[in-house]
Each structure stands twice: as C-alpha cells, then as structure tokens.
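Visitor: I am new to this structure and would like a close look at a single part of it, the sheet and what packs around it. Please take me through it slowly.

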Amino acid sequence: MSIWWSLHLRREAASVPLARRLLLGTMETAGVDPDISYDLSLALSEACANAVEHGGDGGHEGSSQAYRVTAYLDGEKCRIEVADSGPGFSAALPRLPALPAPVEDENGRGLCLIEELADHVHIGNKPGRRGAVVSFDKILKWKKDAPLMAV
C-alpha cells in the first residue's frame with residue numbers, strides 16, 4: 001500500500017488544523033493505529049506551526065507567504081515533510097537542544113516534541129534556496145483488519 005499527498009498552504013494559523021485533519025483522515029481510512037496517527041498529527045501540527053510563524057521573509061508576496069506539506073504512507077512507514085521559504089535554520093543549529101524550553105516560555109518546544117514523537121527526524125535547509133525543511137517518519141502499526149494494511 002502506498003498513499004501520498006502534497007498541500008501548498010498559506011502561512012496562516014488556519015492552515016495547521018487543515019493539514020492535521022487531512023493526515024488523520026488519511027490514516028483512519030488506511031487503518032493506521034490511532035495512537036500512531038495521533039503522534040504523527042501532533043508532530044505535523046508543530047512543524048506547520050513553525051512554518052507559519054518563521055517560514056517567510058515578512059514582506060514579500062508569493063512563495064514566502066506559503067509552505068508545503070507532503071505526506072507519504074509507504075509500506076510500513078509514514079514520512080512527512082514540511083518546507084517553507086523563510087530564512088531557514090542558522091548554521092548554529094547542528095542538532096536539537098537536549099531539553100525543551102522552560103514551561104513558562106511560549107516558544108521553543110516544537111522541534112523537541114517532533115523528535116520525541118517520530119522515529120527519525122531531519123531538520124535542515126533547502127539546498128541552494130532559502131527555506132527550512134523538517135522531515136520525520138514513523139513506523140506504522142495497524143488496526144486489526146485494516147483495509148489498506150501493508151502486506
């Protein structure tokens with residue numbers, strides 16, 4: 001079984017639940033275990049929220065006002081990629097911080113949460129262009145008698 005979809009979304013807060021609902025609906029239809037679906041949807045929400053907040057240059061129209069979400073359910077794995085057209089990550093961010101931001105901080109926990117929820121995470125910049133890319137994957141578990149279960 002293989003399913004994939006890609007969305008080109010405006011950098012608006014309303015786009016985050018849209019992407020999350022599409023992922024949850026896809027996984028429910030395929031028969032993915034609800035706990036796995038929830039983990040991936042939460043990680044996707046964090047990545048999308050980062051793209052909405054940090055993924056543009058603030059003043060230009062066009063691609064800086066949008067971001068892309070792509071999801072692949074392929075065999076036993078789901079891979080999700082969120083790419084924006086912002087300034088990207090600084091070279092000073094070689095890996096994720098060991099601990100998330102303090103609880104009282106409003107920001108700073110999203111990437112750490114993605115790292116905890118996914119099996120593999122890659123955080124970097126688009127090669128040769130402006131923009132950040134956050135991709136993550138997770139091994140899927142299936143409900144009993146899932147309609148699209150990988151064979």
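Visitor: Which residue in strand 2 does Ser6 stand opposite?

Guide: In this predicted model, Ser6 stands opposite Thr70, which belongs to strand 2. Strand 1 and strand 2 run antiparallel and are joined by nine bridges. Looking at the whole arrangement, five strands form an open sheet in the order 1-2-3-5-4, with antiparallel pairing. Strand 1 and strand 4 (120-125) stand at the edges, and because each has a single partner strand, one side of each is left without a neighbour in the sheet. On average, and with direction ignored, neighbouring strands of this sheet are turned by 10° against each other.

Helices lie against these strands. Helix 1 lies across strand 1, strand 2 and strand 3, and runs at about 170° to strand 1, while helix 3 packs on the sheet by touching strand 4 and strand 5, its direction making about 25° with that of strand 5.

Strands and helices also share the largest nonpolar core, which has 35 residues, and the members touching the most others are Leu40, Leu44, Tyr67, Ile80, Val82, Phe136 and Leu140. Among the elements giving two or more residues to this core are strand 1 (2-10), strand 2 (66-74), strand 3 (77-84) and strand 5 (132-139), together with helix 1 (15-30) and helix 3 (110-117), although helix 2 gives the most, with nine residues. To follow one member further, Leu140, leaving aside its neighbours within four places in sequence, is in contact with residues including Met27, Val32, Ile36, Leu40, Leu73 and Cys78.

Conventions: Residues numbered from 1 in each chain as written. Predicted model: local features only at pLDDT ≥ 70, side-chain atom pairs only at ≥ 80, totals over all residues. Heavy atoms only, no water. Core = buried A, V, L, I, M, F, W, Y, C linked by side-chain atoms within 4.5 Å. Buried < 20%, exposed > 50% of the residue type's maximum accessible area, 1.4 Å probe, protein only. Helix = DSSP H or I, 4+ residues; strand = E, 2+ residues; numbered from the N terminus. Contact = heavy atoms within 4.5 Å. Pairing = 2+ DSSP bridges. Axes fitted to C-alpha atoms, helices over the stretch in contact; angles between N-to-C directions.
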